[in-house]
Amino acid sequence: MADTQRTLIIAKPDAVQRGLTGTIISRLEGRGLKLVALKFRVIDESLASRHYAEHQGKGFYAGLVDYIGSGPSAVMVFEGSDAIAAARASIGSTNPVAAAPGTIRGDFALQVGRNLVHGSDSPDSAAREVALFFEADEIVSYTRDSDRWVVE
Ligand code: DAT
Ligand code: MG
């Protein structure tokens with residue numbers, strides 16, 4: 001049986017500005033992933049530097065921090081069977097030009113600097129990122145009657 005996991009998903013400022021927040025939620029919910037936490041906020045430089053610590057020193061880092069802080073983001077936790085890999089697959093490749101049609105980036109984005117959405121890339125990253133944005137009591141445990149039709 002697959003692992004139940006939590007993953008941090010961010011509808012980035014370009015997604016919010018383009019009215020794609022609902023589409024991003026819908027793609028992940030439609031797959032069977034369950035929304036367990038949600039907040040709407042501007043990711044300031046201090047938070048961005050912790051979230052993107054692995055990219056510090058790279059050429060695109062300053063632009064990345066500017067971009068993620070350029071407006072409000074919808075920051076979410078989704079839960080489900082193999083949620084981390086499932087969400088990454090639905091999001092698509094980092095460079096939208098290489099992202100498959102049917103993925104969020106492949107359907108709605110063109111450039112790596114405007115790629116709409118973040119998803120955690122491993123269990124360790126997910127744990128770190130979820131804790132960065134949410135207190136434990138902000139994550140809601142609940143059951144959905146539909147879950148037994150998604151997971152056997
Ligand atoms: P992902 O968001 O697919 O996990 P990542 O963790 O490698 O990708 O990079 C984080 C973000 O940094 C990515 O969504 C967009 C930006 N980025 C990555 N590589 C880049 C590059 N070569 N040029 C510009 N921005 C880049
Ligand atoms: Mg990443």
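**Exercise 1. Sort the shell around ligand 1 into nonpolar, polar and charged residues.**

Solution. The shell divides into 4 nonpolar, 3 polar and 3 charged residues. Keep in mind that this is a predicted model. Now put names to the classes. The residues around ligand 1 are Lys12, Tyr52, His55, Phe60, Leu64, Arg88, Thr94, Arg105, Val112 and Asn115. Tyr, Phe, Leu and Val count as nonpolar. Lys and Arg count as charged. The others count as polar.

**Exercise 2. Find polar side-chain atoms that lie close to an oxygen atom of ligand 1, and check each pair against the cut-off.**

Solution. The cut-off for a polar contact is a pair of N or O atoms within 3.5 Å. Start with Thr94: a polar atom of its side chain is 2.5 Å from a ligand 1 oxygen. Next, Asn115 places a side-chain N or O atom 2.8 Å from an oxygen of ligand 1. Then Arg105: the distance from a polar side-chain atom to a ligand oxygen is 3.1 Å. Now turn to cover. On its own, ligand 1 has 510 Å² of accessible area, and the protein covers 74% of this.

**Exercise 3. State which pocket ligand 1 sits in.**

Solution. Ligand 1 sits in the largest pocket.

**Exercise 4. Place Thr103, decide whether it is buried or exposed, and find a backbone partner for its side chain.**

Solution. First, location: Thr103 is in the loop between α5 (83-91) and α6 (104-108). Second, accessibility: Thr103 has a relative accessible area of 9%. Buried means under 20%, so Thr103 is buried. Third, the partner: a polar side-chain atom of Thr103 lies 2.9 Å from the backbone nitrogen of Gly106.

Terms used
Residues numbered from 1 in each chain as written. Chains lettered and ligands numbered in written order. Predicted model: local features only at pLDDT ≥ 70, side-chain atom pairs only at ≥ 80, totals over all residues. Heavy atoms only, no water. Near = heavy atom within 4 Å. Polar contact = N/O pair within 3.5 Å; in protein donor to acceptor, adjacent residues only side chain to side chain. Areas by Shrake-Rupley, 256 points an atom, 1.4 Å probe, with all protein chains shown as cover. 1 Å grid on protein atoms, 1.4 Å probe; cavity = no way out; pocket = protein on both sides within 12 Å on 5 of 7 lines; lining within 4 Å. Sits in = over half its atoms within 2 Å of the grid points. Helix = DSSP H or I, 4+ residues; strand = E, 2+ residues; numbered from the N terminus. Buried < 20%, exposed > 50% of the residue type's maximum accessible area, 1.4 Å probe, protein only.
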